[in-house]
Number of protein chains: 2
Amino acid sequence: MRAIDVIVKKRDGGALSREEIGFMVDGVTRSAIPDYQISAWLMTVLFRGMTAEETAWLTDAMVDSGARVDLSDLPGIKVDKHSTGGVGDKASLVLAPLAAACGVPVPMMSGRGLGHTGGTLDKLEAIPGFRVNLSIDEMKAALRRTGVAMIGQTAQISPADKKLYALRDVTGTVESIPLISASIMSKKIAEGIDALVLDVKTGRGAFMKTPEASRRLAASLVSIGQASGVRTQAIITAMDAPLGRTVGNAMEVAECIEVLRGGGPSDLVEVSTELTIRMLLLGGVASDRADASRQVAHAIASGAGLERFRRIIEQQGGDARVVDDLTRLPAAPHRHVIRSEREGFVQAVDAELVGLASVALGAGRDRVDDAVDPAVGIVVLSKPGTPVRVGDGVLELHYRSADRRDAALARLGSAVVIDDVAPPPTRLVLDEV
Amino acid sequence: MRAIDVIVKKRDGGALSREEIGFMVDGVTRSAIPDYQISAWLMTVLFRGMTAEETAWLTDAMVDSGARVDLSDLPGIKVDKHSTGGVGDKASLVLAPLAAACGVPVPMMSGRGLGHTGGTLDKLEAIPGFRVNLSIDEMKAALRRTGVAMIGQTAQISPADKKLYALRDVTGTVESIPLISASIMSKKIAEGIDALVLDVKTGRGAFMKTPEASRRLAASLVSIGQASGVRTQAIITAMDAPLGRTVGNAMEVAECIEVLRGGGPSDLVEVSTELTIRMLLLGGVASDRADASRQVAHAIASGAGLERFRRIIEQQGGDARVVDDLTRLPAAPHRHVIRSEREGFVQAVDAELVGLASVALGAGRDRVDDAVDPAVGIVVLSKPGTPVRVGDGVLELHYRSADRRDAALARLGSAVVIDDVAPPPTRLVLDEV
């Protein structure tokens, strides 16, 4: 088999065979096919697409490029959650302890933030001492002890994805639903989970800007999951404004603790609860939606979720006292409040611009190897729909240096729109697949 | 400027600026942009195309990647000819001496055969001693002396094309009209010519399989030529069957000498004459088509064309006695005749299969660095339209080893089609642009 023939077949609109797809992925993994042929192939896939069958084969081949974790010796239906990436999206830190507190084993492997979106690992590492680099054995031990582990991907998981993603990132081939789907699902399937809940974001701050594109991605992801024996559900949620009130690693941890204490902003509570309910149903620990909903509410009200988060932090080497004392989290030395220059209602807080501004502050990274500053970030003082008067605070920057503050202010530009009339109410959970 | 932004712009259907195109070509030439980004970009160009303006800028940038020969100190309007590649297409060896004999300076830079198509340099080198690697100064001296030089491209001519072509060849991005156009025209413009006649082949043995595709390529080539101040004309000619009776380097030289002696197969005579007429008109040595036609006929009848060919061979170190004695050309030790198994009329002789079979014999190359055997080849004993009886010879293989003969026979398969009724007459020169 020759790479050029596979490229030409896809270029001319053909559907590739399992063998052809396996040949390309194996060539990537073993560096047996040169990058210039892989990138040409990726571009043909971007233009021509892939059938559901091809996408499933691609995912399989990527799973097979590395190890597949075997969690079958652990009891229970193991359920993970994945989000396609948002701004201020910290739901994982809420739902993992809640689902575990309700009896669902959660072997969660997450990623780091890149571009304007944040990542669960960066948030967890804002807790002093928290270790995300557990081995598979440590992960299993953690699952046995507390029913949950929150870790980063090990190098053995889908090495083909690592190489393909690096190449896609520099060749304009990121924006392809089959490639995105296979990338996400290969890593999730290799984790050894039984079921998966997906939060596919849509809107200005999301990778997919329209509900239609998000629905197509969701359908593709669910189809791959089912084909691989992983029970998969997806919800599509709005990502026009940041989720919750905070964007920045330590302040997002604090916000999650508030939710686990029974407080927190309503949008974050709604998304986290919705995802947890679905995890309970997939995990077989709730008889129906009403039962699941009751269990989640109880896990919050009883403090069981918060207690489970404390144990997660302890078992992964972090300072669990943050759960009772938020001042133990890193904090930035300076604050700057952006105030409204007019009276009216907040119409929009642009999630992408806020995300980019938080990267400028140091909360995220432009390049994979950038370090992040856990303390800095942005607080949304006035969420969309809020009435404001002249001088009211709209955004609050927590920053370390004036340079970075100014860079963030420059990026924020027209992030917040204020107008005379109240904006129409919007829904958060838009659809399910 | 970043390569990724140029890739994404073209991927999304945008028209690139002169600066963006120059940036990519310069990045290729200096190896400053990695191959995987160049190949991704080439694939976007294949899918999205380029405007006439973009294609002209691409050509310009490729010309500027190397040296541009200055022939302005030589008198006359310098005219070259280029063919997009065919099987048995040896017209250059006929028209260069004819046009020069009629007073048109012909600075001809040609290529080698690749795949199933032949190349002028390989044919010339079948003449014992013939040197195609003249320096630019030697080329100019030859032009002054005999009005014609037939050489290979020097390394200084469009180095970007060399790199781009190597990459296109292995990434499925050869078949793009803007990329093909810029590749051809950058080399021709860099030669320092004033005018150019193009023979765009169409059909089974051609790169472009349909007249429509050939017309689009011809229009693109002519448009680039005009934009660069090179007066350019194109004719579209049929390449379903081999041109003339022979496919193989030494035997093709012999066939050209026959045409210059006033004989030779009518299709080769027709295409060579048509192209020469246009060279005379562009070169300003004929007042009109009738005048040009008369001059070409006279150059053949008087022996002036043959005499000019003798001088070309002499000045480039070859054994000019081949002009009088064809047995001085290399000949293969063995022959094998394929005979008709039925009575009827030859409907088709598949140029591509005959070309591939001649490569199997050793007359052409599958890879750029393969050596060719000047002596071997295939004679078309029965051209399309010929009536045949059982046992009549159809093709004759001139071969060196039984292995290669058998490989050629395997490739020939159904190359020759014979049926009861005479095929409809076909035209050779199909269109002009």
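**Exercise 1. In which sense do β1(A) and strand β4 of chain A pair, and over how many bridges?**

Solution. The model is a predicted one.
Step 1. Find strand β4 at residues 195–202 of chain A.
Step 2. Pair β4 with β1(A): the sense is parallel, and the strands share five bridges.
Step 3. Pick one bridge as a check. A:Val79 has A:Ala195 in β4(A) as its bridge partner.

**Exercise 2. Place β1(A) and β4(A) in their sheet, and find the edge strands.**

Solution.
Step 1. Write the strand order. It is β1-β4-β5-β13 in chain A, an open sheet of four strands. The pairing is mixed.
Step 2. Look at the ends of the order. β1 (79–83) and β13 (429–432) of chain A are the edge strands. Each has a single partner strand, so one side of each is left without a neighbour in the sheet.
Step 3. Add the twist. On average, neighbouring strands of this sheet are turned by 20° against each other, direction ignored.
Step 4. Add the helices. Helix α10 (residues 211–227) of chain A packs on the sheet and touches β4, β5 (231–238) and β13 of chain A. The direction of α10 makes about 165° with that of β5(A). Helix α12 (residues 266–282) of chain A lies across β1, β4, β5 and β13 of chain A. Helix α12 runs at about 155° to β4(A).

**Exercise 3. Build the sheet that holds strand β9 of chain A, and say which of its strands are at the edges.**

Solution.
Step 1. The order is β6-β9-β11-β7 in chain A. Four strands form this open sheet, and the pairing is antiparallel.
Step 2. β6 and β7 (334–339) of chain A are at the edges. Each has a single partner strand, so one side of each lacks a neighbour in the sheet.
Step 3. Take the first side of β9(A). Strand β6 (residues 246–247) of chain A joins β9(A) through two bridges, in the antiparallel sense. Here A:Thr246 stands opposite A:Val379.
Step 4. Take the other partner. Strand β11 (residues 393–399) of chain A runs antiparallel to β9(A), with four bridges between them. A:Ile378 has A:Leu397 in β11(A) as its bridge partner.
Step 5. Add a helix. Helix α15 (residues 351–361) of chain A lies across β6, β9 and β11 of chain A, at about 145° to β9(A).

**Exercise 4. Are the faces of β9(A) and β3(A) covered or open?**

Solution.
Step 1. Recall the rule: in a regular strand, side chains alternate between the two faces of the sheet.
Step 2. Sort β9 (residues 377–380) of chain A. A:Gly377 and A:Val379 point to one side, A:Ile378 and A:Val380 to the other, and all are buried. Both faces of β9(A) are covered.
Step 3. Sort β3 (residues 148–152) of chain A, where five of five residues are buried. A:Val148, A:Met150 and A:Gly152 take one side, A:Ala149 and A:Ile151 the other. Both faces of β3(A) are covered too.
Step 4. Find a partner for β3(A). Strand β2 (residues 106–110) of chain A pairs with β3(A) in the parallel sense over five bridges. A:Ser110 stands opposite A:Gly152.

**Exercise 5. Describe the interface of chain B and chain A, and the aromatic pair that crosses it.**

Solution.
Step 1. Count the contacts. 21 residues of chain B touch 21 residues of chain A.
Step 2. Take the area. The two chains bury about 1,600 Å² between them, 73% of it on carbon and sulfur atoms. In chain B, the residues that lose the most area to chain A are B:Arg11, B:Tyr36 and B:Phe47, together 39% of what that side buries.
Step 3. Count the aromatic pairs. There is one over all chains. A:Phe47 and B:Phe47 form it, with 4.3 Å centre to centre and 5° between the planes. Planes under 30 degrees apart count as stacked, and this pair is stacked.
Step 4. Locate the rings. A:Phe47 lies in helix α3 (residues 35–48) of chain A, and B:Phe47 in helix α3 (residues 35–48) of chain B.
Step 5. Check exposure. A:Phe47 is partly exposed at 22% relative accessibility, and B:Phe47 is partly exposed at 23%.

**Exercise 6. Is B:Lys140 buried or exposed?**

Solution.
Step 1. Locate B:Lys140 in helix α7 (residues 136–146) of chain B.
Step 2. Apply the cut-off. Buried means under 20% relative accessible area. B:Lys140 has 16%, so B:Lys140 counts as buried.
Step 3. List the contacts beyond four places in sequence: B:Asp70, B:Leu71, B:Asp73 and B:Leu74.

Technical notes:
Residues numbered from 1 in each chain as written. Chains lettered and ligands numbered in written order. Predicted model: local features only at pLDDT ≥ 70, side-chain atom pairs only at ≥ 80, totals over all residues. Heavy atoms only, no water. Pairing = 2+ DSSP bridges. Axes fitted to C-alpha atoms, helices over the stretch in contact; angles between N-to-C directions. Contact = heavy atoms within 4.5 Å. Buried < 20%, exposed > 50% of the residue type's maximum accessible area, 1.4 Å probe, protein only. Phe/Tyr/Trp six-rings, centres within 6.5 Å; stacked < 30°, edge-to-face > 60°. Buried area = accessible area lost by both parts, 1.4 Å probe.
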